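Me: Please take a close look at a single part of this model, the surroundings of one bound ligand. I would like a connected account of what lines the site and where those residues come from.

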Amino acid sequence: MSTAVHFGAGNIGRGFIGLVLHEAGYDVVFVDVNAELIRELQSVDSYEVREVGAHPRTHVVDRFRAVDSREDEAEAIAAVAAADIVTCAVGPNVLKFIAPVIREGLRARPDDAAPLVVMACENAIGATDTLAGFVLEGAGELASRAVFANTAVDRIIPAVDVQGVDVVVEDFFEWSIDRRPFHGHEPVIPAAHFVDDLGPYIERKLFTVNTGHATAAYHGYRAGEPSIAAALANPAVRAEVEAALGETSALLVEKYGFDAAEHAAYVARALERFENPDLPDTPVRIGRQPLRKLSRHERFIGPAAEAAERGLATDALTRAVGAALAFDAPEDPEAVELQGLLSSLDAAELTTKVTGLTPEHPLTERVEEVVRAAQAARPASDED
Ligand SMILES: NC(=O)C1=CN([C@@H]2O[C@H](COP(=O)(O)OP(=O)(O)OC[C@H]3O[C@@H](n4cnc5c(N)ncnc54)[C@H](O)[C@@H]3O)[C@@H](O)[C@H]2O)C=CC1
Ligand SMILES: O=P(O)(O)OC[C@H]1O[C@](O)(CO)[C@@H](O)[C@@H]1O
């Protein structure tokens with residue numbers, strides 16, 4: 001029996017990647033550091049993935065086990081050593097923490113074992129390359145024991161409170177995997193699609209689905225909307241989302257030669273997905289970790305910088321950056337840190353530190369303007 005080890009038994013782990021690998025015939029080993037979640041997974045023989053939307057469907061995942069890598073790192077390492085595939089959905093900022101377990105798992109593999117397939121499933125460009133860097137740090141000799149392939153993952157899974165470990169997911173998913181590293185020997189995962197060039201897929205997803213979702217979240221949060229659906233029903237917020245996606249569409253169509261009508265349909269589908277009435281989602285979840293989302297190669301500055309370099313419009317994207325700067329959700333550590341930076345740095349310092357834009361970049365002046373506006377709009381407080 002083939003085995004897949006998946007790091008991150010959260011929404012994507014259980015509701016998307018773990019399910020797809022299970023249905024591809026793999027026994028799945030979930031590895032997580034959330035002891036309560038692992039205990040819950042260990043206490044059941046199966047869990048349900050409930051697709052909601054126009055085509056509701058329920059899947060049962062029943063061939064898995066769960067390992068707490070904080071409690072029992074040796075078992076996690078042994079699982080990697082015996083696995084055919086390793087995947088992860090832990091968050092881009094967490095890759096460096098799972099790398100040592102994968103490294104020691106590689107080291108423990110029999111010398112004649114087939115190379116381990118390693119695929120990160122994160123909302124980030126080149127996430128598997130980033131993971132490979134951490135795994136092979138000081139262990140370059142292990143490189144021949146693994147095949148690292150970048151992927152793009154797309155399924156909206158809010159943290160809906162369902163009982164136990166069942167997951168509610170949208171009735172759409174897309175898992176695109178770069179086939180090139182496999183040299184014709186890609187793993188058999190029927191529901192995934194292997195592509196020769198992942199670039200267009202990951203940028204189309206990140207700069208359409210993630211940019212649109214996050215624009216709705218930040219403008220919606222600032223407008224006081226309680227859900228993403230309510231935000232998109234707010235005409236002013238919707239206009240901002242459509243304008244931002246108009247700018248990323250112009251970039252993607254020019255950069256990759258996408259058919260404009262086809263891409264417009266992809267954008268329209270994304271907006272429908274955001275509005276899914278069966279999938280209550282919130283600005284706070286979609287806007288989580290604003291410092292990550294405002295960073296240089298992420299869903300706002302990434303496309304806006306390239307659009308500015310091409311002389312394309314960026315006003316809506318920079319207005320979305322302004323809305324993101326007002327995201328002060330107290331339960332989000334990065335939102336709290338961002339508010340601290342807004343009060344302690346001047347516009348030029350904050351722009352450089354948060355967005356990674358150089359002072360001479362064609363986008364920088366416009367971003368500094370929205371930073372100054374955000375700083376002026378902040379409520380005066382004692383410590384300021
Ligand atoms: N939720 C969604 O709709 C989508 C999420 N993604 C991406 O998937 C990734 C995960 O997102 P979610 O599943 O929503 O998050 P989540 O918070 O539901 O799951 C992340 C899991 O990783 C675990 N984790 C944290 N540190 C760990 C470590 N050192 N070792 C093992 N596990 C660890 C957490 O305990 C948690 O269970 C993120 O990169 C996200 O951007 C991508 C597409 C859609
Ligand atoms: O998971 P991130 O990168 O924090 O982004 C938030 C959301 O963006 C999406 O991937 C798509 O909009 C969501 O499904 C995801 O939860």
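**The shell around ligand 2**

Reply: In this predicted model, the residues of the shell around ligand 2 comprise seven charged, three polar and three nonpolar ones. Of these 13 residues, the ones that come nearest to the ligand are Asn 123, His 213, Arg 285, Arg 288 and Arg 292.

Several side chains place polar atoms beside oxygen atoms of the ligand. For His 213, a polar side-chain atom lies 2.3 Å from an oxygen atom of ligand 2. Asn 123 likewise has a polar side-chain atom 2.7 Å from a ligand 2 oxygen, and for Lys 293 the corresponding separation between a polar side-chain atom and an oxygen atom of ligand 2 is 2.8 Å. Ligand 2 taken alone exposes 380 Å², of which the protein buries 93%.

As to where the shell originates, three helices each supply at least two of its residues: H6 (198-222), H10 (283-286) and H11 (290-293). H6 contributes the largest share, with four residues. At the level of domains, both domain 1 (3-195) and domain 2 (199-377) are represented, and the shell draws at least three residues from each of them.

To summarise the site, ligand 2 is surrounded by a shell with seven charged residues, has 93% of its area buried by the protein, and is lined by residues of both domain 1 and domain 2.

Methods
Residues numbered from 1 in each chain as written. Chains lettered and ligands numbered in written order. Predicted model: local features only at pLDDT ≥ 70, side-chain atom pairs only at ≥ 80, totals over all residues. Heavy atoms only, no water. Near = heavy atom within 4 Å. Polar contact = N/O pair within 3.5 Å; in protein donor to acceptor, adjacent residues only side chain to side chain. Areas by Shrake-Rupley, 256 points an atom, 1.4 Å probe, with all protein chains shown as cover. Nonpolar A, V, L, I, M, F, W, Y, C, P; charged D, E, K, R; others polar. Domains from an automatic or database assignment.
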